[in-house]
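I opened this notebook to keep a record of what I looked up, step by step. The entries below follow the order in which I went through the model.

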Amino acid sequence: MLKIIDTAVPIACWSCSIGHNDSTLFCPHCSKIQPPPGGDFFQVFNLQRAFQIDLPTLEHEFHRLSRKVHPDRFARAGEIERQWSLADTALLNDAYRTLKDPLHRTEYLLKLEGAEIGEEHAGKDRKGQKDPSRVPADLLEEAFEMNMQLEEMRMARKMGEEDPQLLADLQQAKKKFEGLFGAVDEDLRAQWKVWDAGDSASRLAAQKTMVALLDRRRYLSNLVRDVTETLGA
Amino acid sequence: MAEGRVVGIDLGTTNSLVAYMQGDAPVVIPGVDGHNLVPSVVALDSVPPGGGRPTVTVGNTARKALIETPERVIYSVKRLMGRGIEEIQSELKLFPFRLADDMEAGEVPRITLGELKFTPPEISAYILRQLKRNAERFFGAPVTQAVITVPAYFNDAQRQATKDAGRMAGLEVLRLVNEPTAAALAYGLDRAKEGTIAVYDLGGGTFDISILKLRDGIFEVQSTNGDTHLGGDDIDNLLLAIALDEIYAEHGVDLRSHPGAVQALRKAAIDAKIALSTEPVAKFDIELPNGDRYQREIPRDVFELLIEPVLSRTAGPCKQALSDAGITPEQIDEVVLVGGSTRIPAVRQLVDDLFHLAARGKKPHVELNPDEVVALGAAVQADILAGASKTTEEMLLLDVTPLSLGIEALGGTVARIIQRNSTIPASATEHFTTGVEGQTNVAIHVVQGERELAADCRSLARFDLRGIPPMSAGLPRIEVKFLIDADGILKVTAREQRSGQAAKIEVKPTYGLTDEQVEGMILDSFDHAEEDFAKRLLIEARNEAETILSAVDRAPQSPAWAQMTGEEQSAIAAARDRLQSVKLGEDAKTLRDATLALDQATRRFAELMMEAAVTTAIRGKTMNAADEELGEAVTAPHPMAAAEFK
């Protein structure tokens with residue numbers, strides 16, 4: 001099931017041995033497919049680092065590159081060509097998946113720029129997420145209250161009881177927190193603009209704001225998920 | 001040397017098919033019996049007199065053995081592919097799979113068939129070998145490369161088991177293609193469509209839903225979901241269980257101890273199910289071993305109530321797929337129905353409700369035969385992979401992985417590293433370190449699934465990173481790269497970054513065969529030898545000649561014979577004499593040409609016979625049923641596929 005593939009990167013073209021620029025997908029001399037070029041996801045699409053990108057152009061470029069490097073184009077090629085086609089396409093897909101999604105793109109670029117982002121693996125550390133230093137101050141009180149209500153709800157459910165008032169309160173709270181997403185996203189988009197246009201000082205400030213906004217967003221989505229799960233159970 | 005053709009294979013739970021691209025259209029290659037569908041049934045003949053290994057038969061011949069020697073026959077083996085012993089307990093209750101009695105924990109299940117034991121990939125390999133032979137007979141040339149379809153929701157182990165089966169059958173599997181995606185390819189070929197389509201695929205044993213975006217020849221899967229143990233089989237089992245219970249209650253006969261009778265009853269249940277797609281009522285009428293008759297009517301509304309719980313299990317995956325794709329039902333432009341079970345009117349109604357079709361003045365696509373569309377799509381993908389075809393050069397399929405990939409973290413939780421519905425190939429890089437001074441091994445457990453705890457997910461493999469240079473705890477930095485390839489199968493590489501050494505990985509797949517085991521199970525490896533191939537072609541050509549000659553010998557007894565002109569009759573006689581004269585020759589091509597000539601000469605006769613049959617006794621029945629009903633008399637010259645000799 002699991003096979004080992006060699007990921008050693010040759011310096012010169014593996015096929016014709018002529019040296020070439022590392023960022024090319026195909027050898028300029030013999031046209032053979034090359035190992036994944038170095039660089040970040042933006043470079044895969046020949047883009048400058050930016051938070052705002054044109055999605056239709058990105059998709060078009062993704063399709064154009066897919067046609068060139070996809071393993072389906074190398075199904076009957078030699079072992080090495082198939083191997084690099086696989087690696088190149090995996091990189092292309094990973095890059096596209098990350099850049100097309102606004103949140104993933106934001107996190108990715110912030111990390112590229114050296115910002116520290118709260119570890120986010122969906123499913124990992126759910127309960128440990130409530131690091132108090134990361135809880136947005138203005139949400140502290142309401143979040144605390146909602147967690148109490150959730151606990152009450154779970155207890156009531158265990159006893160086979162249903163408290164309509166509690167249910168209504170929780171649904172109300174959920175609605176409110178859901179409503180806050182819009183504001184966070186709007187703030188994020190504003191910071192994108194600042195960063196994309198700004199000098200290094202304003203970029204640093206924008207990065208800091210964005211990290212805080214992402215924390216806030218993650219916190220909100222955890223709250224909403226907790227309610228959804230409890231109410232749905 | 002010109003490369004051989006790449007064929008497309010639908011390896012189904014109930015039926016299997018092989019297709020290829022004929023010019024710019026995919027066509028299914030019929031078997032020797034003229035049928036496109038090869039039942040996925042494998043039977044072991046009795047031990048030949050004097051001992052030796054019994055031969056294996058596949059398809060319709062094997063299906064006939066189901067009632068006479070059920071202990072030597074296996075069907076629906078796809079349900080067992082890539083699964084462990086503990087996982088198949090529920091299947092064992094519903095299907096007559098007989099596990100070998102010397103099974104050990106962790107072993108790939110082996111099924112007893114007569115005197116012998118086979119793993120599920122071996123059984124599938126026999127089916128694949130039959131399809132390969134059908135294609136070789138059709139082309140008159142060896143076939144060694146194929147695209148095989150799998151349910152989109154198949155996990156890593158089920159995919160690997162399918163690839164193993166291909167290898168055992170002597171086929172290089174160029175790609176595993178997801179069945180619903182293949183169906184979309186078949187539909188997308190003739191009209192340059194744009195838009196978002198949903199493929200609802202309810203087959204014999206599996207259910208898939210896939211949502212795709214079509215644009216400029218690119219078929220980009222947005223999301224997929226499904227259930228690998230849900231299909232027409234479940235409906236058959238419901239009907240069967242009711243009949244068995246009623247027979248026991250009303251006649252005091254426990255048929256469960258008569259495997260042959262259960263199979264006869266199962267066939268009756270399937271017939272009833274099929275009839276209910278077009279008729280308001282179906283009937284059971286079975287003679288029991290004690291001479292009683294079990295007679296029962298099943299009205300369609302009762303049937304629909306009965307199967308509702310099965311059908312409604314398809315709704316959840318559809319809604320999840322829509323949500324994962326981030327769209328509403330209204331944004332689906334077209335729905336394609338695939339799989340024999342989508343002929344059931346209640347299924348069509350459910351699909352209509354799920355995607356709000358009628359309300360939007362739309363109808364699901366059923367233009368292509370739902371039993372064949374997956375194989376046709378596989379042929380299109382085979383053509384894409386073979387390259388150098390004008391029809392498909394602009395087409396490209398971008399599929400996704402159906403299940404998230406994760407690794408077990410501390411406390412038994414899952415750290416997800418590749419999310420479901422990621423376009424494949426996809427990769428993720430993770431870093432690991434040691435927890436103890438001088439530790440040289442790190443154990444990693446890879447799982448597939450959406451649950452929070454590793455124990456609730458599907459265990460894929462456990463492996464050890466070995467040969468880590470001894471360092472202080474936490475100092476080594478081992479980079480592990482997980483890559484899901486274009487077949488949806490995981491590959492892993494690792495490297496210790498501080499020493500630059502590639503860490504050794506010893507992978508122990510949780511389910512599945514090792515390379516060596518697969519190697520040892522390769523069916524008759526002499527299959528490739530040219531002289532064997534020629535010999536086999538000759539034998540097959542002779543068998544075909546015999547079949548058609550005996551049919552022609554019986555022709556004058558048929559009333560249709562009198563409708564033929566004298567000229568037509570003598571043309572048949574001439575072609576028959578010609579075939580008789582070359583029958584014992586050594587040249588397969590001459591023999592086939594003469595067979596083909598006789599087949600053509602008798603074509604009108606065959607049509608006359610079919611017409612007479614269809615217009616009288618059996619209106620409304622399928623050709624297949626007509627065949628069975630008319631028995632010997634209709635053994636009309638079978639339709640021969642055009643051979644392509646070089």
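Across which strands of chain B does α1(B) lie, and at about what angle does it run to β5(B)? I found that α1(B) lies across β5, β6 and β7 of chain B and runs at about 70 degrees to β5(B).

Before going further I noted that this is a predicted model, in which local features need pLDDT of at least 70 and side-chain atom pairs count only at pLDDT 80 or more, while totals for chains, interfaces and linings use all residues. Residues are numbered from 1 along each chain as its sequence is written, and chains are lettered from A and ligands numbered from 1 in the order in which they are written.

Entry on the sheet. I looked up the strands under α1(B) and found an open sheet of three strands in the order β6-β5-β7 (chain B), with antiparallel pairing; helices (H or I, at least four residues) and strands (E, at least two) are DSSP runs, numbered from the N terminus, and two strands pair if DSSP finds at least two bridges between them. β6 (56-58) and β7 (73-75) of chain B are the edge strands, each pairing on one side only. Direction ignored, neighbouring strands of this sheet are turned by 20 degrees against each other on average. Strand β5 (residues 41-44) of chain B is joined to β7(B) by three bridges, and I noted B:Ile74 in β7(B) as the bridge partner of B:Val42. Helix α3 (residues 120-139) of chain B also lies across β5, β6 and β7 of chain B, and runs at about 65 degrees to β6(B); axes are lines fitted to C-alpha atoms, for helices over the stretch in contact, and angles run from 0 to 180 degrees between N-to-C directions.

Entry on the hairpin. I then turned to β2(B) and β3(B), which form a hairpin with two residues between them, and B:Gly23 in the turn has a positive phi of about 65 degrees. Four bridges join strand β2 (residues 15-22) of chain B to β3(B), and the two run antiparallel; B:Gln22 stands opposite B:Ala25 in β3(B). Along β3(B) (residues 25-28) I saw the side chains alternate, with B:Pro26 and B:Val28 buried on one face, and B:Ala25 and B:Val27 pointing to the other and not buried. A residue is buried if 20 or more other C-beta atoms lie within 10 Å of its own, with C-beta atoms placed from the backbone.

Entry on a covered helix. I checked helix α5 (residues 179-188) of chain B and found 10 of its 10 residues buried, including B:Leu185 and B:Tyr187.

Entry on helix packing in chain A. Helix α2 (residues 55-69) and helix α3 (residues 79-100) of chain A pack at an angle of about 170 degrees, with their axes 10 Å apart. That makes α2(A) roughly antiparallel to α3(A), a term used for angles over 145 degrees. Among the residues making the contact (C-beta atoms, placed from the backbone, within 7 Å) are A:Phe62 of α2(A) and A:Tyr96 of α3(A).

Entry on domains. For chain A, the domain assignment, which is automatic or from a database, gives domain 1 (9-100) and domain 2 (127-232). The centres of these two domains of chain A, taken over C-alpha atoms, are separated by 39 Å.

Key. A residue is buried if 20 or more other C-beta atoms lie within 10 Å of its own, exposed if 12 or fewer, and partly exposed in between; C-beta atoms are placed from the backbone. Two residues are in contact if their C-beta atoms, placed from the backbone, lie within 7 Å. Angles under 35 degrees count as roughly parallel, over 145 as roughly antiparallel, 65 to 115 as roughly perpendicular and the rest as oblique.
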